[in-house]
Amino acid sequence: MAKEVGQKVITSNRRARHDYTIIDTYEAGVALVGTEVKSLRAGKASLADSFATVDDGEVFLRGLHIPEYSHGTWTNHEPRRTRKLLLHRREIEKLIGKTKESGLSLVPLSLYFKDGKVKVELALARGRKVHDKRQAIAKRDAQREMARAMGRAAKGKYRR
């Protein structure tokens, strides 16, 4: 069997970028059992309501839903079990220090295969208030409108 090369996104948490201000991102491996990997290869997973915690010097991913493998037997996995994340010791110590700060949490942004291994993109994030979300939407809309105007100006169709 040929070795996989490159990156294939399984699922992403688009809501996280709306609900949180992303401060820093980390890539972590995920400790999985065989039927979980087979289910992920079928493209089935959900990051909704998932989060990461640091317990006793280890990082765990909670709330990740990987449905049971359809062709699995009695060895099938539990869909919402807690999964260990694989990070370097320095990264874990850094995360412990940062999460002790008020209001910072670990949110998974995406789950993907990288060179045949399952990885999760973790974000150190601060929750946004409603008015912050409105500002972010307004800023994004203004950027989009400026880009459109620049495009029209480049084509010579600019109107005042």
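In this predicted model, R81 and E36 form a salt bridge in which the closest N and O atoms are 2.9 Å apart. R81 belongs to the loop between β4 (58-62) and β5 (83-86), while E36 sits in helix α2 (residues 34-41), so the contact ties together parts that lie 45 residues apart in sequence. The two partners can be set side by side in terms of accessibility. E36 has 0% relative accessibility and counts as buried, as buried means under 20%. R81, at 23%, counts as partly exposed. The pairing also has a wider setting, since salt bridges that share partners join E36, R81 and R83 into one network.

The count of salt bridges in the model comes to nine. Another of these joins the side chains of E27 and K114, with an N to O distance of 3.4 Å. Here strand β2 supplies E27 and strand β6 supplies K114, so the pair links parts that are 87 residues apart in sequence. E27 is partly exposed, at 34% relative accessibility, and K114 is likewise classed as partly exposed, with a relative accessible area of 31%.

A salt bridge within a helix is offered by E145 and R148, whose side chains meet at 3.7 Å, N to O. Both residues belong to helix α4 (residues 130-155), where a spacing of three residues separates them by about one helical turn. E145 counts as partly exposed at 39% relative accessibility, and R148 counts as partly exposed at 47%. Helix α4 itself has 26 residues and spans 38 Å from its first C-alpha to its last, close to the 38 Å expected at 1.5 Å a residue. Following the helix comes G156, which has a positive phi near 80°.

The strands that carry E27 and K114 can now be placed in their pairing pattern. Strand β2 (residues 20-30) runs antiparallel to strand β7 (residues 117-127), and nine bridges join the two. Within this pairing, Y20 stands opposite G127 of β7. Strand β7 also pairs with strand β6 (residues 104-114), again in the antiparallel sense, over ten bridges. One of the positions in this second pairing is L111, whose bridge partner in β7 is V120. Strands β6 and β7 form a hairpin with two residues between the strands, and in that hairpin D115 takes a positive phi near 50°. In a regular strand, side chains alternate between the two faces of the sheet.

Attention turns finally to the open space in the model. Rolling a probe the size of a water molecule over the atoms shows where empty space is left. The largest pocket holds about 160 Å³ of space. Its lining is made up of N13, R15, A16, D19, Y20, L47, A48, D49, S50, F51 and V107. Y20, which stands opposite G127 in the pairing described above, is thus met again among the lining residues. Which element gives the largest share of the lining of the largest pocket? That share, three residues, comes from helix α1 (residues 14-19). Sorted by class, the lining of this pocket has six nonpolar residues, three charged residues and two polar residues.

Methods
Residues are numbered from 1 along each chain as its sequence is written. This is a predicted model: local features need pLDDT of at least 70, side-chain atom pairs count only at pLDDT 80 or more; totals for chains, interfaces and linings use all residues. Side-chain values use heavy atoms; hydrogens and water are left out. Two strands pair if DSSP finds at least two bridges between them. Helices (H or I, at least four residues) and strands (E, at least two) are DSSP runs, numbered from the N terminus. On a 1 Å grid over the protein atoms alone, a cavity is a set of points where a 1.4 Å probe fits but cannot get out, and a pocket is an open set with protein on both sides within 12 Å along at least five of seven lines; lining residues have an atom within 4 Å of a point. Grid points are joined across faces, edges and corners, and a volume is the space filled by probe spheres set on the points. Ala, Val, Leu, Ile, Met, Phe, Trp, Tyr, Cys and Pro count as nonpolar, Asp, Glu, Lys and Arg as charged, and the others, Gly among them, as polar. A salt bridge is a side-chain nitrogen of Lys or Arg within 4 Å of a carboxyl oxygen of Asp or Glu. Buried means under 20% relative accessible area, exposed over 50%, partly exposed in between (1.4 Å probe, protein chains only). The expected span of a helix is 1.5 Å times one less than its number of residues.
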